[in-house]
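Welcome! Please take a moment to look over the sequence and the structure, and then read on for a short guided tour.

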Amino acid sequence: MPMAPPPNFDTLTIADIARLAADDRLPPVEQWHPTHCGDSEMRIARDGTWYHQGSPIGRTAMVRAFSRILRREEDSGYVLVTPVEKLDIAVEDAPFVAVELKAEGTGRDARLAFRLNTGDMVTASAEHPLRFEERDDGPHPYLHVRGGLEALVARSLYYELAEFALAGPDEPPGVWSAGAFFALQPPASQ
């Protein structure tokens, strides 16, 4: 059965996005525990491009279908899992990339929704927190998607988040979404 294409993010309100996300029925991958079958010969590049045997997967619907059976393992590895097989998949950074941002409200009443490269939509919240990791090449923002799977927030969206944070009164600077606060910088190590 073919999957319906994702709706147009630009025309949705954040309430629409929340409703669609709640109605989206994902396969129960956390309940499937088949024997490990080997390597899928697939990888997800840092930019969110999916590859099979070194070639990019060009069909968006195929990528979306695979993304729905992706699971993070306890050892921090990634697998594609069905009720009858489990295959390793290499992930260079995060398995998803947040590519669009929609903001409504301000301050504590703000809500931030993201569209992922797979068409999935996630509203940042206590259940789907944003985190910011500082590395030698600059900040790396992430959004929790589900089951230990994260989306790398695209650099252009990070700049939008930084603009929101710097315009607000919070110290340290950060953003609010769905009643949760996310500081732009990780806490200083002691």
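The report below covers strands, salt bridges and a charged surface patch.

Please keep in mind that this is a predicted model.

**An open sheet**

Let us begin with an open sheet of 6 strands, arranged in the order β3-β2-β1-β6-β5-β4 with mixed pairing. At its edges stand β3 (55–56) and β4 (70–72); each has a single partner strand, so one side of each is left without a neighbour in the sheet. Elsewhere in this order, strand β1 (residues 36–44) pairs with strand β2 (residues 50–52) in the antiparallel sense over 3 bridges. One pair to look for is I44, whose bridge partner in β2 is W50.

**A hairpin**

Further along the chain, strand β13 (residues 174–177) and β14 are antiparallel partners, joined over 4 bridges. G174 has A183 of β14 as its bridge partner. The two strands make a hairpin with 2 residues between them, and A178 in the turn has a positive phi of about 50°.

Which residues of strand β14 are on its covered face, and which on its uncovered one? A180 and F182 are on the covered face, while F181 and A183 are on the uncovered one. A180 has a relative accessible area of 12% and counts as buried because the cut-off is under 20%. In space, A180 is 8.0 Å from P129, C-alpha to C-alpha, although 51 residues separate them in sequence.

**Salt bridges**

The structure holds 12 salt bridges. Here are three of them, with the distance between nitrogen and oxygen.

| Pair | N to O distance |
|---|---|
| D120 and R64 | 3.1 Å |
| R68 and D120 | 3.6 Å |
| E150 and R131 | 2.7 Å |

D120 appears with R64 and also with R68. D120 lies in the loop between β8 (111–116) and β9 (121–123), and R64 in helix α2 (residues 60–67), so their salt bridge ties together parts that are 56 residues apart in sequence. D120 is buried at 8% relative accessible area, R64 is buried at 12%, and R68 is buried at 9%.

In the pair of E150 and R131, E150 belongs to strand β12 (residues 149–153) and R131 to strand β10 (residues 130–135), so parts 19 residues apart in sequence are tied together. Salt bridges with shared partners also join R46, D93, R131, E133, R135 and E150 into one network. E150 is buried at 15% relative accessible area, whereas R131 is partly exposed at 33%.

**A negative patch**

Finally, turn to the surface, where D39, E41, E74, D75 and D88 form a negative patch. D88 sits in strand β6 (residues 86–91) and is partly exposed, with a relative accessible area of 34%.

Technical notes
Residues are numbered from 1 along each chain as its sequence is written. This is a predicted model: local features need pLDDT of at least 70, side-chain atom pairs count only at pLDDT 80 or more; totals for chains, interfaces and linings use all residues. Side-chain values use heavy atoms; hydrogens and water are left out. Patches are made of residues with over 30% relative accessible area and no salt bridge: like charges are joined within 9 Å, nonpolar side chains (Val, Leu, Ile, Met, Phe, Trp, Tyr) within 5 Å. Accessible areas come from the Shrake-Rupley method with a 1.4 Å probe; for residues, only the protein chains shown count as cover. A salt bridge is a side-chain nitrogen of Lys or Arg within 4 Å of a carboxyl oxygen of Asp or Glu. Lys and Arg count as positive and Asp and Glu as negative; His and the chain ends are not counted. The place of a charge is taken as NZ of Lys, CZ of Arg, CG of Asp or CD of Glu. Buried means under 20% relative accessible area, exposed over 50%, partly exposed in between (1.4 Å probe, protein chains only). Two strands pair if DSSP finds at least two bridges between them.
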